[in-house]
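Thanks for making time this morning. I would like to take you through one model, chain by chain, and I will go slowly. Please have a look at it first.

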4 protein chains.
Amino acid sequence: MSSIAHFAFPLRVYWEDTDAGGIVFYANYLRFMERGRTEWLRSLGIAQQALRDEIGGMFVVSDTTIKYHRSARLDDALWVTTRILDAGRASITLAQQVLLQGQAHAEVLLAEGTIRIGWVDAISLKPGRIPTAILEKLTS
Amino acid sequence: MSSIAHFAFPLRVYWEDTDAGGIVFYANYLRFMERGRTEWLRSLGIAQQALRDEIGGMFVVSDTTIKYHRSARLDDALWVTTRILDAGRASITLAQQVLLQGQAHAEVLLAEGTIRIGWVDAISLKPGRIPTAILEKLTS
Amino acid sequence: MSSIAHFAFPLRVYWEDTDAGGIVFYANYLRFMERGRTEWLRSLGIAQQALRDEIGGMFVVSDTTIKYHRSARLDDALWVTTRILDAGRASITLAQQVLLQGQAHAEVLLAEGTIRIGWVDAISLKPGRIPTAILEKLTS
Amino acid sequence: MSSIAHFAFPLRVYWEDTDAGGIVFYANYLRFMERGRTEWLRSLGIAQQALRDEIGGMFVVSDTTIKYHRSARLDDALWVTTRILDAGRASITLAQQVLLQGQAHAEVLLAEGTIRIGWVDAISLKPGRIPTAILEKLTS
């Protein structure tokens with residue numbers, strides 16, 4: 001994949017992901033990107049259920065922009081990539097791509113976007129600052 | 001529709017409901033039946049978010065059996081019907097159908113099934129008895 | 001609602017729409033907006049399954065930008081609004097909002113975004129021009 | 001896992017799978033089982049998109065029965081198992097389980113069910129016999 005540092009997570013297209021157009025339903029790329037972000041967080045030692053249980057907070061998505069270039073179909077094998085564009089106390093912006101797996105580094109870009117996530121109290125849903133310990137794990 | 005007393009709720013098939021077979025993804029009939037049950041409960045004065053907030057409990061599904069007869073497609077207008085088969089303190093069993101809307105009572109049965117629901121504490125998820133006040137609303 | 005001409009479609013939040021944060025899963029606002037667009041098209045005499053069967057083409061989403069302001073919860077009643085921002089032969093851009101229904105025009109904005117849709121051949125998925133007859137219905 | 005021959009496929013619970021009860025939405029176990037069946041078919045050399053493209057047919061689900069025993073939560077790691085209960089020319093019945101991964105073979109059964117699948121023409125959706133070559137792959 002590209003030389004820019006990012007995290008890549010593989011996934012497969014199942015019936016549940018497709019629509020009557022014969023392709024992946026476009027809203028489901030947000031689900032794919034969510035899985036990619038979750039595994040990227042896990043790779044940095046951050047488990048979201050544990051965050052809620054132990055710290056009482058959770059990430060929430062505040063902005064998404066997605067461009068759709070090509071369509072994936074049933075049984076396609078994909079990559080979801082995640083890298084940080086910007087990280088602050090109030091929010092983090094990530095760049096993500098969904099690519100069709102190919103031979104010899106011949107991936108095809110299917111969709112790409114930016115996702116901004118903030119932090120809220122898990123009970124009150126009130127916005128707060130991202131805990132320093134988490135921010136350090138994300139940006140170190 | 002049939003002469004047996006039941007609650008009927010209308011819904012429409014959207015892109016999100018279909019799969020690459022060109023028809024409604026079979027798992028989504030469970031979502032349709034859920035909407036039908038929710039509106040049936042609401043028609044009896046039972047709002048589930050309020051149950052959680054005020055009583056601290058919620059219904060959970062413990063068994064489902066579904067038979068699929070025919071397929072719905074994009075833009076189809078459907079009915080979801082709900083009626084009680086059996087009601088006890090520990091669980092309630094419902095019979096539900098999904099039908100294609102037709103002219104002059106010419107509905108076509110698409111899928112039918114039974115759904116058994118129990119009651120759990122919303123925090124601990126431990127099973128409990130269905131509150132008497134709710135059971136009375138359901139069976140009166 | 002606002003004085004700008006738009007189409008408003010009501011919907012309800014069900015269990016299927018929520019996530020473990022206790023709120024509507026953010027990707028599902030794209031599904032809500034899809035339903036709103038579909039009913040807006042239907043109100044203009046455009047049924048998408050018929051388009052595929054008769055003209056052999058379909059709309060596809062090429063860009064989405066969504067801002068999330070507040071969260072919807074189980075049982076909330078919502079509005080989805082749709083209006084045209086820009087319409088050309090190659091694509092149409094729509095502005096859509098999801099609002100919490102309120103009393104006395106006191107709706108609360110939950111999410112808003114722009115959705116750009118293009119036109120493709122239903123079999124080959126190759127992009128094409130939006131048929132004139134459809135474009136006229138949309139913009140008349 | 002058990003000594004009965006079956007195919008086991010691992011998966012992870014993401015936000016998209018959960019509902020406001022804090023647990024996996026029960027309808028999503030059908031999606032998990034679908035993924036397990038798809039990977040079981042793939043392990044036998046059967047790719048469903050290729051079936052449609054080359055043979056013009058596809059599997060459809062005709063009956064499901066699911067019992068829910070315990071709940072999965074965000075971040076849980078699961079197994080989905082698949083084995084054949086019965087195979088004929090008209091339909092195949094599979095037994096499937098969803099288990100919470102545990103240490104030292106200490107899996108916890110979350111849900112189990114039977115899924116009957118038939119075969120239809122991919123265009124007309126008319127039922128037909130399962131092609132002999134496929135049946136042989138499944139039962140050899």
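I will talk about two interfaces and then about some salt bridges.

Before anything else, please keep in mind that this is a predicted model, and that what I say about contacts and areas is computed from it.

Let me begin with chains D and A. How is chain D superposed on chain A? A rotation of 180 degrees, with 0.0 Å of shift along its axis, does it, and the RMSD is 0.0 Å. That is the relation of a two-fold axis. If you look for the part of chain D that comes closest to this rotation axis, you will find Leu11(D), whose C-alpha is at 5.3 Å. The same surface serves both copies, in that 100% of the contact residues of chain D recur in chain A.

As for extent, 20 residues of chain D are in contact with 20 residues of chain A, and the two chains bury about 2,100 Å² between them, with 47% of that on carbon and sulfur atoms. On the chain D side, the residues that lose the most area to chain A are Tyr14(D), Trp15(D) and Gln49(D), which together account for 32% of what that side buries.

Now to the polar side of this interface, where the rule finds 8 salt bridges between chain D and chain A and 16 residue pairs in polar contact. Strand 1, helix 1 and helix 2 of chain D each supply at least two residues of the side that touches chain A, and helix 1 gives the most, with 6 residues. By class, the residues on that side of chain D divide into 6 nonpolar, 3 polar and 11 charged. One of the salt bridges to look at joins Asp53(D) to Arg73(A), where the closest N and O atoms are 3.3 Å apart.

Let me turn to chains A and C. Here too a turn of 180 degrees, with a shift of 0.0 Å along the axis, lays chain A on chain C with an RMSD of 0.0 Å. Within chain A, the C-alpha nearest the axis belongs to Thr65(A), at 2.1 Å. Once more the same surface serves both copies, since 100% of the contact residues of chain A recur in chain C.

In this second interface, 21 residues of chain A are in contact with 21 residues of chain C, and about 1,900 Å² is buried between the two chains, 58% of it on carbon and sulfur atoms. In chain A, Tyr26(A), Leu30(A) and Tyr68(A) lose the most area to chain C, together 26% of what that side buries.

How many salt bridges are there between chain A and chain C? The count is 2, and alongside it there are 12 residue pairs in polar contact. Helix 1 and strand 2 of chain A each supply at least two residues of the side that touches chain C, with strand 2 giving the most, at 9 residues. By class, that side of chain A has 11 nonpolar, 4 polar and 6 charged residues.

A salt bridge here pairs Lys67(A) with Asp63(C), at 3.0 Å from N to O, and it crosses from strand 2 of chain A to strand 2 of chain C. Lys67(A) counts as partly exposed because its relative accessibility is 45%, whereas Asp63(C), at 14%, is buried. There is also a salt bridge between Lys67(C) and Asp63(A), again at 3.0 Å from N to O.

Finally, some salt bridges within a chain, out of the 44 that the structure holds over all chains. In chain C, the side chains of Arg31(C) and Glu16(C) meet at 3.1 Å, N to O, and this pair links distant parts of the chain, with Arg31(C) in helix 1 and Glu16(C) in the loop between strand 1 and helix 1, 15 residues apart. Arg31(C) counts as buried, at 10% relative accessibility, and Glu16(C) is likewise buried at 10%.

In chain D, Glu39(D) forms a salt bridge with Arg42(D), the closest N and O atoms being 3.0 Å apart; both lie in helix 1, 3 residues apart, about one turn of the helix. Glu39(D) is buried, at 11% relative accessibility, while Arg42(D), at 21%, is partly exposed. Elsewhere, salt bridges that share partners join Glu16(A), Asp17(A), Arg31(A), Arg35(A), Glu16(D), Asp17(D), Arg31(D) and Arg35(D) into one network.

Note on methods: Residues are numbered from 1 along each chain as its sequence is written. Chains are lettered from A and ligands numbered from 1 in the order in which they are written. This is a predicted model: local features need pLDDT of at least 70, side-chain atom pairs count only at pLDDT 80 or more; totals for chains, interfaces and linings use all residues. Side-chain values use heavy atoms; hydrogens and water are left out. Copies are superposed by least squares on the C-alpha atoms of residues with pLDDT of at least 70 in both. Contact means heavy atoms within 4.5 Å. Buried area is the accessible area (1.4 Å probe) that two parts lose on being put together, summed over both. A salt bridge is a side-chain nitrogen of Lys or Arg within 4 Å of a carboxyl oxygen of Asp or Glu. A polar contact is a pair of N or O atoms within 3.5 Å; within protein, one must be able to donate a hydrogen and the other to accept it, and residues adjacent in sequence count only if both atoms are side-chain atoms. Helices (H or I, at least four residues) and strands (E, at least two) are DSSP runs, numbered from the N terminus. Ala, Val, Leu, Ile, Met, Phe, Trp, Tyr, Cys and Pro count as nonpolar, Asp, Glu, Lys and Arg as charged, and the others, Gly among them, as polar. Buried means under 20% relative accessible area, exposed over 50%, partly exposed in between (1.4 Å probe, protein chains only).
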